[in-house]
Amino acid sequence: MTILIEQPVIGSPVENKNVCSDQTNELVLDAGLVVPNDGNVVSELVSNNEFVAPEINSFGRSFRDYDAENERQKTVEEFYRMNHINQTYDFVKKMREEYGKLNRVEMSIWECCELLNEVVDDSDPDLDEPQIEHLLQTAEAIRKDYPDEDWLHLTALIHDLGKVLLLPVFGELPQWAVVGDTHPLGCAFDESIVHHKYFKENPDSYNPEFNSKNGIYSEGCGLENIMISWGHDDYMYLVAKENGSTLPQAGLFIVRYHSFYPLHKCGAYKQFMNKEDEENLKWLHIFNKYDLYSKSKVRVDVEKVKPYYLSLIEKYFPAKLRW
């Protein structure tokens, strides 16, 4: 099967008013690769055949523009209104307990990929294509620039598989409980969070215990000890971890926190990070460029690349997983 979509305009990414800058100028990996960290996630990598980020998304606008006047924007804003009202500490605790049982279905990673043909993400202002296209676009773009990091290729393929929570067999959760940017619960809602204004209707906003910068947490406690809003990220992390995936910790970190834009785009909540989080965040910054800017009109021959990804699935996952 070949997915045919038109070619994007290529150039340097454009900063828009919803992008906030981190305080760090650059990230240096152990291998010596320097990753710019200027808030634009520019594509200045070391490969001569590097992935070049498109200037505009598939709708002809800047990426992650949540204020653009169009029908898609209205759907996205309504999504975030519902998300910010309903994602409470108690709700997330309940979801983690319920879905942590992994008793819905047994299937392979690739079977789950194919299920995503039925999913469209209402929170995404850049994409309204079936999700499997985005997975393969992201994975193939990373594979080109990082041919030796096969775990990163597979991480890209699986990072959004948790969106199957939208489907009936997984409980058909509402969009606000599955997709969109994530944020911590149990502490103050940082103003960098998209459509922050709607938190005024969230019950946690009136809990004094949750309203300070650190809330119920201590600095340096580690992100694994922070309650993050429930969605596909945390669910897929639970699936991978509990089924014994041998992906490196950086891969699991990417799966769990790739939608945590207040942290990796704006530098919010960094006070909770420990040393391991800091190292893993370097890889998340690399991944995010491909996750965001590969949402464009490219050609992906699914049948041609499928054998490669099946070999990676066999390497890092069991044949069947509990979901």
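Q: In this predicted model, are Y269 and F272 buried or exposed?
A: Both Y269 and F272 are buried. That word is used for a relative accessible area under 20%.

Q: What makes the aromatic pair of Y269 and F272 stacked?
A: The ring centres of Y269 and F272 lie 6.4 Å apart, with 20° between the planes. Pairing asks for centres within 6.5 Å, and planes under 30 degrees apart count as stacked, so both conditions are met. Y269 and F272 also belong to one aromatic cluster, together with Y217, F253, Y257 and F260.

Q: Why is the pair of Y89 and F210 called tilted?
A: The planes of Y89 and F210 stand at 35° and the ring centres are 5.4 Å apart. Stacked needs under 30 degrees and edge-to-face over 60, so an angle between those limits is tilted. In total, the count comes to 17 aromatic pairs.

Q: Which parts of the chain does the pair of Y89 and F210 tie together?
A: Y89 lies in helix α2 (residues 89-99), while F210 sits in the loop between β5 (184-185) and β6 (227-228), so the pair links parts that are 121 residues apart in sequence.

Q: Why does F210 count as buried?
A: F210 has a relative accessibility of 8%, and buried means under 20%, so F210 fits the term.

Q: What makes helix α7 mostly covered?
A: Eight of the nine residues of α7 (residues 249-257) are buried. Among them are F253 and Y257, two names you may recall from the aromatic cluster.

Q: Why is G244 called partly exposed?
A: G244 has a relative accessible area of 47%. Buried is under 20% and exposed is over 50%, so G244 falls in between. You will find G244 in the loop between α6 (232-242) and α7.

Q: Why do C112 and C113 not form a disulfide?
A: The sulfur of C113 is 6.4 Å from the closest cysteine sulfur, in C112, which is too far for a bond. A disulfide needs the two sulfur atoms within 2.5 Å. The structure as a whole holds zero disulfides.

Q: Are C112 and C113 buried or exposed?
A: C112 is buried, with a relative accessible area of 0%. C113 is buried too, at 0% relative accessibility.

Q: How do you know that R143 lies over the face of Y308?
A: R143 is at 3.7 Å from the ring centre of Y308. The distance limit is 6 Å, so that part of the rule is satisfied.

Technical notes: Residues numbered from 1 in each chain as written. Predicted model: local features only at pLDDT ≥ 70, side-chain atom pairs only at ≥ 80, totals over all residues. Heavy atoms only, no water. Buried < 20%, exposed > 50% of the residue type's maximum accessible area, 1.4 Å probe, protein only. Helix = DSSP H or I, 4+ residues; strand = E, 2+ residues; numbered from the N terminus. Phe/Tyr/Trp six-rings, centres within 6.5 Å; stacked < 30°, edge-to-face > 60°. Lys NZ or Arg CZ within 6 Å of the ring centre and 35° of its normal.
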